[in-house]
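This report describes a ligand site and a set of paired strands. Please look at the sequence and the model first.

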Amino acid sequence: MAEGFAERPSTAMHYFSQDFKWEDLRDEVQSRPKGSDDVLGNLPVVSLDHNVEAWKKFHHLHAKHAFFKERRYLVKEFPDLLASDRVLNILEVGCGTGSSVLPILRANKAAVVYACDCSESVLRRAHSLVQTTISSDGNCRFVPFLCDISIQRLPSWLCCSSCMDLEGIIHEDSISSENGERLHCINGIDIITMIFTLSSIPPHQMQHVIEECFSVLKPGGLVLFRDYGLYDMTMQRFSATQRVGEQLYQRGDGTLTFFFTPESLSNLFVQAGFVEEENYFCCVEVRNRRRELPMKRVWIHAKFIKPQSPS
Ligand SMILES: C[S@@+](CC[C@H](N)C(=O)[O-])C[C@H]1O[C@@H](n2cnc3c(N)ncnc32)[C@H](O)[C@@H]1O
C-alpha cells in the first residue's frame, strides 16, 4: 500500500513535535556500514515514464480494500483552512480517496473543494465517500476532475473570471460544459493543499506541477504542503535495488516516493515565484504498538504564498 494513505498520528500535537534532531538521524543513517542493502548506494538506470499508469493500477487494485483513513489532524495543522468569512476555493492536488478532502469539507462549511487526480476510478471513489459521509451540502461543495498534473495544465476555469461580472456574480447563460459536466469559472483558488502528492511525481516533472499551482492561485493565495522528509523510516525500509534516483524510490507496484529536504522544496517553489512562509522537518518518534519498537518518522511541513504583486 502507498504509505501516504496511511499516515495518521493520533493528535495534531504529534505533528508539531520535534522528538529528535533531524541532523542526529542523518548522521546515524550515513554512518551505517555500506552493504548490499545500502539505501544510499549507486543508482540503477530506470524509466520513470510509467508512474501515472502505476498509480492507476494501484487504485484499481485497491478499489475494494478499506484502507481509507481521514487526515483529521489537517485543519489543526493548517488553520488557514478554517478562515471563512467568505467562500473559500480550495484545490487538493492528487486527492486520492479524499483523505484530506473530507476533513476540510467537514470543518469548514464555507469551503468548496476542487480536487484532481490522474485516476478516474479513485475520483469516483472519493466522490462516493463524500456523498456517504458528508451531508448533502458537502456533496455540492466537492468538485472532482481528472488531470495528470505532471504533464497537463490545470483547467482554465479554475482561474478565469470571464463568466462573472464586475461584482463577481456568475451569469448562468455563460456556464460552460466540459466532459459533460456543467462548470463555471471560479476566478481563482484561495488555497492549494498538496498532501503526500508531490513525492509521488517524478522529480523532473515537479517544477511543472508547482508552476501550474502558481498559475491558478489568486494573489495572496497559499499552498499548504505536507510530505515525506529525507531519512523517514519508510525510506529506510526500501531496499537498495528500489532506489531509482537521488532521494527517490520505486515500490514493487511501480509507484514512486521522493523524500524531501526543506531546501529541495524551497528551490522548487521559489523558482515558480512563491514566497516561503513555513518550511521545516517534523521529527516524530512513534511507537509500534504491536512490537513496541520506536519508529522515527520525518515529514516536511511547509506553507508558501503567491505574492500580491510579482517581484
Ligand atoms: C499518496 S497519495 C495522496 C492522496 C491524498 N492527497 C491524501 O491526502 O491522502 C498520492 C496521490 O497522487 C495521485 N497522483 C500521482 N501522480 C499524479 C499525477 N501525475 N497527476 C495527478 N495525480 C497524481 C495518485 O493517484 C494518488 O492518489
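The text below takes the ligand first and the strands second. The model is predicted.

**The ligand and its surroundings**

The ligand occupies the largest cavity. Around the ligand there are 23 residues, and the closest are Glu-92, Gly-94, Ser-100, Asp-117 and Asp-148. Sorted by class, the shell holds ten nonpolar, nine polar and four charged residues. Helix 3, which covers residues 51-61, supplies the largest share of this shell, with three residues.

The polar contacts listed here each involve a nitrogen atom of the ligand.

| Residue | Protein atom | Distance to a ligand nitrogen |
|---|---|---|
| Glu-92 | side-chain N or O | 2.8 Å |
| Ile-149 | backbone N or O | 3.0 Å |
| Ile-195 | polar backbone atom | 2.8 Å |

Glu-92 thus appears both among the closest residues and as a side-chain partner of a ligand nitrogen at 2.8 Å. For Ile-149 and Ile-195, the backbone provides the contact. The ligand taken alone exposes 600 Å², and the protein buries 99% of that area.

**Strands 7, 11 and 12**

Which strands pair with strand 12? One is strand 7 (residues 217-228), which runs antiparallel to strand 12 (residues 293-305) and is joined to it by seven bridges. Within this pairing, Asp-227 has Ile-300 of strand 12 as its bridge partner.

Another is strand 11 (residues 275-288), also antiparallel to strand 12, with 13 bridges between the two. Here Arg-287 stands opposite Pro-294 of strand 12. What do strand 11 and strand 12 form? They make a hairpin with four residues between the strands. In the turn, Glu-292 has a positive phi of about 60°.

Strand 12 is therefore a useful place to end, being paired with strand 7 and with strand 11.

Note on methods. Residues are numbered from 1 along each chain as its sequence is written. This is a predicted model: local features need pLDDT of at least 70, side-chain atom pairs count only at pLDDT 80 or more; totals for chains, interfaces and linings use all residues. Side-chain values use heavy atoms; hydrogens and water are left out. A residue is near a molecule or strand if one of its heavy atoms lies within 4 Å of it. A polar contact is a pair of N or O atoms within 3.5 Å; within protein, one must be able to donate a hydrogen and the other to accept it, and residues adjacent in sequence count only if both atoms are side-chain atoms. Accessible areas come from the Shrake-Rupley method with a 1.4 Å probe; for residues, only the protein chains shown count as cover. On a 1 Å grid over the protein atoms alone, a cavity is a set of points where a 1.4 Å probe fits but cannot get out, and a pocket is an open set with protein on both sides within 12 Å along at least five of seven lines; lining residues have an atom within 4 Å of a point. A molecule sits in a cavity or pocket if more than half of its atoms lie within 2 Å of its grid points. Ala, Val, Leu, Ile, Met, Phe, Trp, Tyr, Cys and Pro count as nonpolar, Asp, Glu, Lys and Arg as charged, and the others, Gly among them, as polar. Two strands pair if DSSP finds at least two bridges between them.
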